Amino acid sequence: MLRLVFSTGTEPGKWFHRYRDSHSPESLVTFDADDSMAALLAGDADLALTRLPDSRINDGFHVVRLYEEALGIAVPKDSVYAEVGEDLTAEDIADEILNYKIGADALVDVPSVRTALQVVAANVGVAIAPRPLLKVLSKKQVVALGFSDSTIPLTEIALVWRKEDDCDEIQDFVGVAKGRTRNTSRNTAHKRSARDKAKAKQARRKSQGTSHSKPLSKRYKGSHQRKRR
């Protein structure tokens, strides 16, 4: 049984379904956490779908980076921004109260984002965080829009596990997350060119002492004999 913890704001449901399709329904146990690395470090999970960067990850862990998260901004539902529904820039919100913003270290404090969204829901200010996280946490009074600001670093989502815990089940899930199918080998063989295939065929014939000419089939022999009569 594989125990997987996923960070709040990620939605890996499709991967869960694909994994269980090729295993058994009870083969995967999942739960979410604001701090998925803490759950992994505590031994509550074998594999973590977590947000990077994270200073707790060292050489004792395997890390498979999957994708970058889009930047987003949470605005009040009744604001002009929500009404227009377009992506915003730093210039657009220059006069707004900023309740939360990802820092230069790219770390995301999920509990602080929750608190900031409560303020936004009260029609006060905005909050900047990964857009997938804002979509998951936003309530009816908050709208999550796209946001563009080159000064704010993007976060990444990755699968992380202890090297000592590596196993077939973890590798299978990593394969699902990376898009491998049942017909795809983890160690895909190098695809041979037509020239390579021809050389290999010639080598087999030489080793077997096989003539280039094919023997006549019984059917052909019979018809040939009948013609001679």
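Helix α6 is followed by G179, whose phi is positive, near 90°; helices (H or I, at least four residues) and strands (E, at least two) are DSSP runs, numbered from the N terminus. The model is a predicted one, in which local features need pLDDT of at least 70 and side-chain atom pairs count only at pLDDT 80 or more, whereas totals for chains, interfaces and linings use all residues. Residues are numbered from 1 along each chain as its sequence is written, and side-chain values use heavy atoms, with hydrogens and water left out.

Helix α6 spans residues 168-177, and I170, F173, V174, G175, V176 and A177 are buried in this helix, where buried means under 20% relative accessible area, exposed over 50% and partly exposed in between (1.4 Å probe, protein chains only). The buried residues of α6 pack against β1, α1, β2, β3, β4 and β10, contact being taken as heavy atoms within 4.5 Å.

The strands among these partners belong to an open sheet of five strands, arranged in the order β2-β1-β3-β10-β4 with mixed pairing; two strands pair if DSSP finds at least two bridges between them. Its edges are formed by β2 (28-33) and β4 (61-68), each of which pairs on one side only. On average, neighbouring strands of this sheet are turned by 25° against each other, direction ignored, with axes being lines fitted to C-alpha atoms, for helices over the stretch in contact, and angles running from 0 to 180 degrees between N-to-C directions. Strand β1 (residues 2-7) is joined to β2 in the parallel sense over six bridges, and L4 stands opposite T30 in β2. In contrast to this parallel pair, β3 and β10 run antiparallel and are joined by five bridges, with V160 in β10 as the bridge partner of A48. Strands β4 and β10 also pair in the antiparallel sense, over seven bridges, and here E68 stands opposite E156 in β10. Because six of the seven residues of β10 are buried, this strand is largely enclosed by the rest of the structure.

Helix α1 (residues 13-22) lies across β1, β2, β3 (47-52) and β4, and runs at about 165° to β2. The axes of α1 and α6 come within 9 Å and cross at roughly 125°. That angle makes α1 oblique to α6, given that angles under 35 degrees count as roughly parallel, over 145 as roughly antiparallel, 65 to 115 as roughly perpendicular and the rest as oblique. Where the two helices meet, W15, F16, R18 and Y19 in α1 face E169, D172, F173, V176 and A177 in α6.

Aromatic residues take part in this meeting of helices. Rings of Phe, Tyr and Trp (its six-membered ring) pair if their centres lie within 6.5 Å, and planes under 30 degrees apart count as stacked, over 60 as edge-to-face and the rest as tilted; by this rule the count comes to three aromatic pairs. Y19 and F173 form a tilted pair, with 5.8 Å centre to centre and 55° between the planes. Since Y19 lies in helix α1 and F173 in helix α6, the pair ties together parts that are 154 residues apart in sequence. Y19 is buried, with a relative accessible area of 0%, and F173 counts as buried at 1% relative accessibility. Ring pairs link F6, F16, Y19 and F173 into a cluster.
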